[in-house]
Amino acid sequence: MRKQPILYIVIPCYNEEKVLPITSGMFLEKINTLAAAGKISPESRVLFVNDGSKDSTWNIITELAAKDEHYIGISQSRNRGHQNTVLAGLMEAKDKCDITISIDCDGQDDINAMDEMVDAYRDGCEVVYGVRSRRDTDTFFKRFTAEGFYHLMNFLGADIVFNHADYRLISSRVLQEFANFKEVNIFLRGMVPLVGFKSTSVYYERHERLAGESHYPLKKMLALAFDGITSLSVKPIRFITGLGLIFSVLSFIGVLWAIVASILGRTVVGWASTMCIVCFMGGIQLLCLGVIGEYIGKIYLETKARPRYIISERTWEKPED
């Protein structure tokens with residue numbers, strides 16, 4: 001059995017002024033409960049990461065930090081998106097704690113699953129994934145598209161845990177190795193398994209959001225899915241190569257057929273079939289160019305090596321005059 005580990009709960013926040021006053025108390029209570037049970041150190045903290053919120057989220061975080069030392073917070077210089085925000089919190093915490101648990105601020109993920117996560121860590125696991133046991137609260141469309149996404153990612157060769165989002169425990173040992181992953185285009189649920197180490201999963205039921213509105217509409221979900229696919233797999237490029245080969249073979253057969261038909265005098269003049277073929281092939285070519293362009297764009301961003309996040313404020317640091 002390991003010593004009492006220092007836990008940092010990493011919570012990304014973007015315009016969460018309505019739900020933060022509710023869930024902040026839940027996170028603090030969980031820290032105190034785990035510490036009282038001897039599972040974690042009393043030096044554990046709740047780390048809020050402000051993702052350039054436009055409302056009073058950062059003011060609430062600073063007020064919480066002033067009232068209780070268990071609350072701390074950092075703020076990004078601008079909005080960088082959920083994945084970069086979680087990464088910023090993990091990298092900030094990796095040298096200050098033994099384990100981190102990342103969880104969203106909205107209260108949908110079952111906070112009591114943290115008990116099982118910590119127990120699994122104390123039993124020797126370095127990574128513990130929080131996995132939804134079922135999706136009864138989702139609409140049919142969301143459930144179908146979400147589960148289809150996980151199946152598609154696995155088909156494309158990305159090693160991701162089915163029905164797992166970003167609710168997970170990661171040890172500082174894993175985070176030290178994860179810091180060596182320097183890519184700008186990040187998709188954490190696909191990158192964490194690449195680090196390796198002993199891992200397991202705990203299962204929980206997801207609840208409705210406690211307050212406020214979701215910041216992940218369909219458009220953002222689709223963008224995240226596409227980023228995940230193109231960041232972790234080159235199979236779409238290989239699919240395009242295979243598609244091009246198939247159409248090349250079919251075109252060659254078509255040319256032979258046209259030559260034979262012309263020799264036999266069986267040609268028929270018509271524009272409809274020609275237009276259909278031209279439009280179809282044009283659409284395929286544009287689609288292929290779009291996918292290739294996406295990969296080239298990611299290469300372009302990677303070569304710039306811009307910082308993935310910039311921390312502008314920390315609650316334990318006084319701003320410069």
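This report walks through the fold, cores, cysteines and two helices of a predicted model.

## The overall picture

The chain has 321 residues, and 45% of them are buried. Its secondary structure comes to 10 helices and 8 strands. Long-range contacts feature heavily here: take the contacts between residues at least 6 apart in sequence, and 83% of them join residues at least 24 apart.

## Two nonpolar cores

The largest nonpolar core holds 35 residues, and the ones touching the most other members are Leu7, Ile9, Ile11, Phe27, Phe48, Ile101 and Tyr167. Quite a few elements chip in with two or more residues: strands S1 (7-13), S2 (45-50), S4 (99-102), S6 (164-171) and S7 (199-204), plus helices H1 (20-36), H2 (57-67) and H4. H4 gives the largest share, at 6 residues. As a rule, nonpolar side chains in soluble globular proteins tend to be buried together.

For a feel of the packing, look at isoleucine 101. Leaving out neighbours within four places in sequence, Ile101 is in contact with Leu7, Tyr8, Ile9, Val10, Met114, Met117, Val118, Tyr167, Arg168 and Leu169. A separate core of 29 residues lies apart from the largest one, and its members include Val161, Ile170, Val174 and Leu188.

## Arg122, a buried charge

Helix H4 spans residues 113-122, and arginine 122 sits in it. Arg122 is buried but makes no salt bridge; its nearest side chain of opposite charge is aspartate 119, 5.1 Å away. That distance rules out a salt bridge because the cut-off is 4 Å from a Lys or Arg side-chain nitrogen to a carboxyl oxygen. What the Arg122 side chain does reach is the backbone oxygen of lysine 39, at 3.3 Å.

## Cysteines without disulfides

How many disulfides turn up in a search of the whole structure? The count is 0. Cysteine 13 shows why one candidate fails: the closest cysteine sulfur, in cysteine 105, is 4.1 Å from its own, which is too far for a bond. A pair has to come within 2.5 Å to count.

Cysteine 13 counts as buried because its relative accessibility is 1%. Cysteine 125 is buried as well, at 8%. Both values fall under the 20% cut-off.

## Helix H7, mostly covered

Helix H7 runs over residues 188-195, and 7 of its 8 residues are buried. The buried ones are Leu188, Arg189, Gly190, Met191, Val192, Pro193 and Val195. Leu188 is also one of the members of the 29-residue core. After H7 comes glycine 196, with a positive phi near 90 degrees.

How values were computed:
Residues are numbered from 1 along each chain as its sequence is written. This is a predicted model: local features need pLDDT of at least 70, side-chain atom pairs count only at pLDDT 80 or more; totals for chains, interfaces and linings use all residues. Side-chain values use heavy atoms; hydrogens and water are left out. Helices (H or I, at least four residues) and strands (E, at least two) are DSSP runs, numbered from the N terminus. Buried means under 20% relative accessible area, exposed over 50%, partly exposed in between (1.4 Å probe, protein chains only). Lys and Arg count as positive and Asp and Glu as negative; His and the chain ends are not counted. A polar contact is a pair of N or O atoms within 3.5 Å; within protein, one must be able to donate a hydrogen and the other to accept it, and residues adjacent in sequence count only if both atoms are side-chain atoms. A nonpolar core is a set of buried Ala, Val, Leu, Ile, Met, Phe, Trp, Tyr and Cys residues joined through side-chain atoms within 4.5 Å. Contact means heavy atoms within 4.5 Å.
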